[in-house]
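The following paragraphs offer a guided reading of a protein model. Please keep the sequence and the structure in view while reading.

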Amino acid sequence: MKQPKQKLGRRFWLLFSGEAASAVGTAASVIALPMVAYQVSGDVRHAGFTSTALSLGIVVARLPAGVLADRYERRTLLLLGNAVGALVLGTLAVLRAAGSVHPGALLAAAFLLGAVGSTLAPVENVAVRTFVRADLLPRALALIQSRAALALIVGPLVAGVLLKANAAWVFAADALTYLTAACCAFLLPAKAGPTGGQQPALRAVTEGLRFLWRSPFLRYGALNATVLNLVFNGLLIVVIASCDRTGAGSVAVGVQTACFGAGAVAGSLIAAPVARRLPAGRGIALATAVIALALLGFATVRSTWGAALMLAIATAGGPVITVVLSSMQMRITPPQLQGRVHSASGFLSQAVAPLGPTLAGASAHAFGLGPTVTAAAALVVLLAVVGWFTTARRTVAAEAQQSLDAQVATDAQEARVGEVPPVEAPTVEASRG
């Protein structure tokens with residue numbers, strides 16, 4: 001008899017809904033900030049500076065954010081982080097409506113918003129691990145991936161509509177989404193997960209990095225994300241140059257760029273079944289190989305729609321890899337290190353990603369578009385082969401077994417205080433990512 005589908009629970013949906021609203025608003029502001037900077041200054045360099053400030057805020061805050069997520073009460077962090085985001089954007093909306101916004105204010109706001117988003121990410125990660133049973137994590141993480149993909153589609157559309165009226169409306173709408181997220185956080189229970197000791201901040205940060213580096217699985221996961229982020233960040237430059245070379249025009253650029261979001265949505269829909277049914281190593285290696293083959297297809301096809309299909313297939317592999325890696329990362333990481341390991345992985349994967357467009361442009365100029373994409377595909381093939389052996393089933397099983405007792409004990413303790421329902425200790429076989 002088929003078992004009834006288990007529910008993720010009210011706590012998860014409160015967290016998910018609040019951060020979903022905020023994600024759409026943030027995707028809109030990411031478009032509006034550089035556009036307003038350009039409109040105010042008349043200098044395209046200020047648009048670039050503003051986008052860079054946003055990325056810099058994300059990278060700078062990532063490692064300290066993990067310490068905060070492990071050390072302090074998560075509901076409070078979610079409330080404060082979303083309140084700061086609402087305050088920054090509300091201030092921008094007022095300044096823009098009054099016509100007195102300065103490029104320096106946009107730089108500061110972009111940096112703060114990047115830092116706020118980077119701080120909230122590991123906090124949400126720890127809260128999800130607390131609110132959701134271990135066997136339901138792939139489904140929860142797949143939903144979060146689909147949320148991010150849809151935000152990348154809806155957010156720019158919202159920005160385009162509101163920017164026609166006044167950029168102040170974009171910032172006001174994003175401030176409202178942060179307030180929505182804060183209200184959802186207020187309804188969450190306190191003490192979402194264990195808190196770490198009050199060790200020095202630098203030691204706390206390095207503890208997360210050391211744990212990640214000692215784990216072959218997590219170490220490969222960070223490498224995989226770093227390489228794929230670098231490749232995908234450079235693909236937009238390749239798309240633009242390719243359409244210009246073939247004379248396809250801006251419509252083709254729009255179609256192919258939209259396929260990034262469409263592929264990510266499709267990938268998020270299949271991510272949970274892949275994570276449940278395949279061993280972690282096999283799932284990661286196969287998804288990475290699919291990305292490599294799609295990149296090779298993109299390098300060889302000549303039609304706009306053929307290139308768009310290849311890009312959609314390539315981007316669909318990203319959410320699958322993320323869900324497999326994240327769900328297993330949550331299972332093999334001790335509860336008191338969840339935030340720091342998540343932040344360490346995010347920091348390493350994002351640190352070199354901004355170089356992607358520069359490297360893609362330089363390589364395309366020196367060697368041509370075809371060789372550039374082919375070289376990227378060959379690098380991803382190598383990544384898939386390394387992943388097959390590094391995340392072999394026995395390796396992942398051994399790491400999962402080391403952390404299993406601590407996680408079961410934590411789940412039992414949380415169940416006693418009403419955080420999650422008690423469950424039987426999963427076997428290593430059942431914990432495959």
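Is Phe16 buried or exposed? In this predicted model, Phe16 is buried, and its relative accessible area is 13%. This residue belongs to a group of aromatic side chains, which is a suitable place to begin.

A pair of aromatic rings is described by the distance of the centres and the angle of the planes. The structure contains 3 aromatic pairs. One of them joins Phe12 and Trp13: the ring centres are 5.2 Å apart and the planes meet at 70°, so this pair is edge-to-face. Trp13 also pairs with Phe16, again in an edge-to-face arrangement, with 5.4 Å from centre to centre and 80° between the planes. The two pairs are described as edge-to-face because planes over 60 degrees apart are counted in that way. Trp13 and Phe16 both lie in helix 1 (residues 10–41), and because they are 3 residues apart there, about one helical turn separates them.

Taken together, Phe12, Trp13 and Phe16 make up one aromatic cluster. The accessibility of its members can be read residue by residue. Phe12 is buried, with a relative accessible area of 1%. Trp13, by contrast, is partly exposed, at 38%. Phe16, as noted at the outset, is buried.

Another contact of an aromatic ring involves a charged group. The charged end of Arg219 is placed over the ring of Trp213, at 5.4 Å from the ring centre.

A further arginine, Arg203, is found in helix 7, which spans residues 201–214. Because its relative accessibility is 53%, Arg203 counts as exposed; the cut-off for that class is over 50%. Arg203 also illustrates how residues distant in sequence may be brought together in space: Arg203 and Val67 are separated by 136 residues along the sequence, yet their C-alpha atoms are 9.7 Å apart.

The cysteines remain to be considered. How many disulfides does the model contain? The count is 0. The reason can be followed from the sulfur atoms. For Cys183, the closest cysteine sulfur is that of Cys184, and the distance of 7.0 Å is too far for a bond. The converse also holds, because the sulfur of Cys184 has that of Cys183 as its closest cysteine sulfur, at 7.0 Å. A disulfide would require the two sulfur atoms to lie within 2.5 Å. As for its surroundings, Cys184 is buried, with a relative accessible area of 12%, and the cut-off for this class is under 20%.

Terms used
Residues are numbered from 1 along each chain as its sequence is written. Side-chain values use heavy atoms; hydrogens and water are left out. Buried means under 20% relative accessible area, exposed over 50%, partly exposed in between (1.4 Å probe, protein chains only). Helices (H or I, at least four residues) and strands (E, at least two) are DSSP runs, numbered from the N terminus. Rings of Phe, Tyr and Trp (its six-membered ring) pair if their centres lie within 6.5 Å; planes under 30 degrees apart count as stacked, over 60 as edge-to-face and the rest as tilted. A charge sits over a ring if NZ of Lys or CZ of Arg is within 6 Å of the ring centre and within 35 degrees of the ring normal.
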